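I sat down with this model to look up its sheets, cores and pockets. My notes follow in the order I checked things.

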Amino acid sequence: DCNPAAEAMNHPEVFFLTGGQWTVPKLCSTLAQSGIPGLTLTIGQRLSLPEEQILTGCPRDFTAGEFDSLSVVLVENPCCKQAAAVTHGLPDDAFVRGDVPMTKQEVRSVALSKLRVSGDDILWDIGAGTGPVSVEMALLARRGQVYAVERSPEASELIRQNRANPTCWHLKLVEGTALQALAALPDPTAVSLGGTRGSLTASLRITPQH
């Protein structure tokens with residue numbers, strides 16, 4: 001019982017035993033949808049029996065087909081960077097900025113401290129701008145999910161660049177206005193409200209009161 005994508009993202013090797021609801025195709029579909037680059041899977045089924053099979057490929061190779069319910073899957077992530085100690089407020093020059101306003105290091109440090117982010121939180125960053133708050137949320141919530149909501153195409157492209165660190169593939173960019181995007185997102189553990197361009201009151205009505 002785990003988040004397979006989070007485990008694969010945060011470890012160079014993960015060994016799964018399938019069974020119950022977690023079939024080989026479901027596991028592979030979950031990993032394929034995560035967007036984590038460079039994953040290699042080795043699947044073993046009916047091991048030690050005459051019909052033993054050992055298959056190797058990427059997640060998308062195994063999202064369909066029939067597999068023994070009790071199989072084993074080795075997931076290798078050569079791009080994994082082991083988690084280092086994370087502190088609030090990365091240096092401003094750690095991010096690509098362009099001409100889009102960016103929340104500065106000191107403000108980010110205080111905001112993230114107040115949000116008290118934990119490892120499996122679901123987080124919204126509304127009006128994410130260049131994405132530094134979203135990225136730092138993702139580094140803190142390594143088993144969770146972060147949604148960066150941004151309406152500006154220029155800012156959205158900067159978010160894509162700033163999340164390119166392999167540890168941030170669980171940071172999902174949601175392009176559009178807050179009023180368009182929020183109703184479709186899962187309920188958050190915490191919310192950072194960076195900007196709504198005049199729709200603050202309406203956005204707060206949508207945001208669950210947790």
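**Entry 1: a covered helix.** I fixed one term before starting: a residue is buried when its relative accessible area is under 20%. The model is predicted, and I kept that in mind throughout. I looked up helix H4 (132-140) and found it mostly covered, with nine of its nine residues buried. I listed the buried residues: Pro 132, Val 133, Ser 134, Val 135, Glu 136, Met 137, Ala 138, Leu 139 and Leu 140. Glu 136 and Ser 134 are on that list along with the nonpolar names. Next I asked what the buried residues of H4 pack against. I found three strands named with their ranges or by number, S5 (122-126), S6 and S7, and also strand S8 (190-193). The helices H3 (105-115) and H5 (153-162) are partners too.

**Entry 2: the whole protein.** I stepped back for the totals. I counted seven helices and eight strands. The protein has 210 residues, and 43% of them count as buried. I then took the contacts with a separation of 6 or more, and residues 24 or more positions apart account for 65% of these.

**Entry 3: the parallel sheet.** I traced an open sheet of four strands in the order S7-S6-S5-S8, with parallel pairing. S7 and S8 are the edge strands, each pairing on one side only. Neighbouring strands here are turned by 15° against each other on average, direction ignored. H5 packs on this sheet and touches S6 and S7. The direction of H5 makes about 170° with that of S7. I also checked one strand pair. S5 and S8 run parallel and are joined by four bridges. Asp 125 has Ser 192 in S8 as its bridge partner.

**Entry 4: one serine in H5.** I picked Ser 156, which is found in helix H5. Is Ser 156 buried or exposed? Ser 156 counts as buried because its relative accessibility is 0%. I left aside neighbours within four places in sequence and found Ser 156 in contact with Glu 150, Leu 173 and Glu 175. I also took the C-alpha separation between Ser 156 and Val 174, and it came to 8.6 Å. These two residues are 18 residues apart along the chain.

**Entry 5: the nonpolar cores.** The largest nonpolar core has 20 residues. Leu 123, Val 135, Met 137, Val 146, Ile 159 and Leu 171 have the most contacts inside it. I asked which elements give two or more residues to this core. They are H4, strand S6 (145-150) and strand S7 (171-175). H4 gives the largest share, six residues. I then followed Ile 159, not counting residues up to four places away in sequence. Ile 159 touches Ala 128, Gly 129, Thr 130, Gly 131, Ala 148, Glu 150, Leu 171 and Leu 173. Another core, of 16 residues, lies apart from the largest one. Its members include Val 24, Leu 27, Leu 31 and Leu 41.

**Entry 6: the antiparallel sheet.** I turned to the other sheet. Four strands form an open sheet in the order S1-S4-S2-S3, and the pairing is antiparallel. Why does one side of S1 and of S3 lack a neighbour in the sheet? Strand S1 (13-17) and strand S3 (53-57) stand at the edges with a single partner strand each, so one side of each is left without a neighbour. The twist averages 15° from one strand to the next. I went through the pairs next. S1 and strand S4 (residues 72-76) run antiparallel and are joined by five bridges. Val 14 has Val 75 as its bridge partner in S4, and Leu 17 has Val 72. Five bridges also join S2 to S4, again antiparallel. Thr 42 stands opposite Leu 74 in S4. Helix H2 (residues 24-34) packs on this sheet and touches S1, strand S2 (40-45) and S4. The direction of H2 makes about 175° with that of S2.

**Entry 7: a pocket.** Last, I looked up the second largest pocket. Its volume is about 200 Å³. I found 13 residues lining this pocket. Asn 3, Ala 5, Ser 34, Gln 145 and Lys 172 lie nearest its centre. Helix H1 (4-10) and H2 are the elements that give two or more residues to the lining.

Note on methods. Residues are numbered from 1 along each chain as its sequence is written. This is a predicted model: local features need pLDDT of at least 70, side-chain atom pairs count only at pLDDT 80 or more; totals for chains, interfaces and linings use all residues. Side-chain values use heavy atoms; hydrogens and water are left out. Two strands pair if DSSP finds at least two bridges between them. Axes are lines fitted to C-alpha atoms, for helices over the stretch in contact, and angles run from 0 to 180 degrees between N-to-C directions. Contact means heavy atoms within 4.5 Å. A nonpolar core is a set of buried Ala, Val, Leu, Ile, Met, Phe, Trp, Tyr and Cys residues joined through side-chain atoms within 4.5 Å. Buried means under 20% relative accessible area, exposed over 50%, partly exposed in between (1.4 Å probe, protein chains only). On a 1 Å grid over the protein atoms alone, a cavity is a set of points where a 1.4 Å probe fits but cannot get out, and a pocket is an open set with protein on both sides within 12 Å along at least five of seven lines; lining residues have an atom within 4 Å of a point. Grid points are joined across faces, edges and corners, and a volume is the space filled by probe spheres set on the points.
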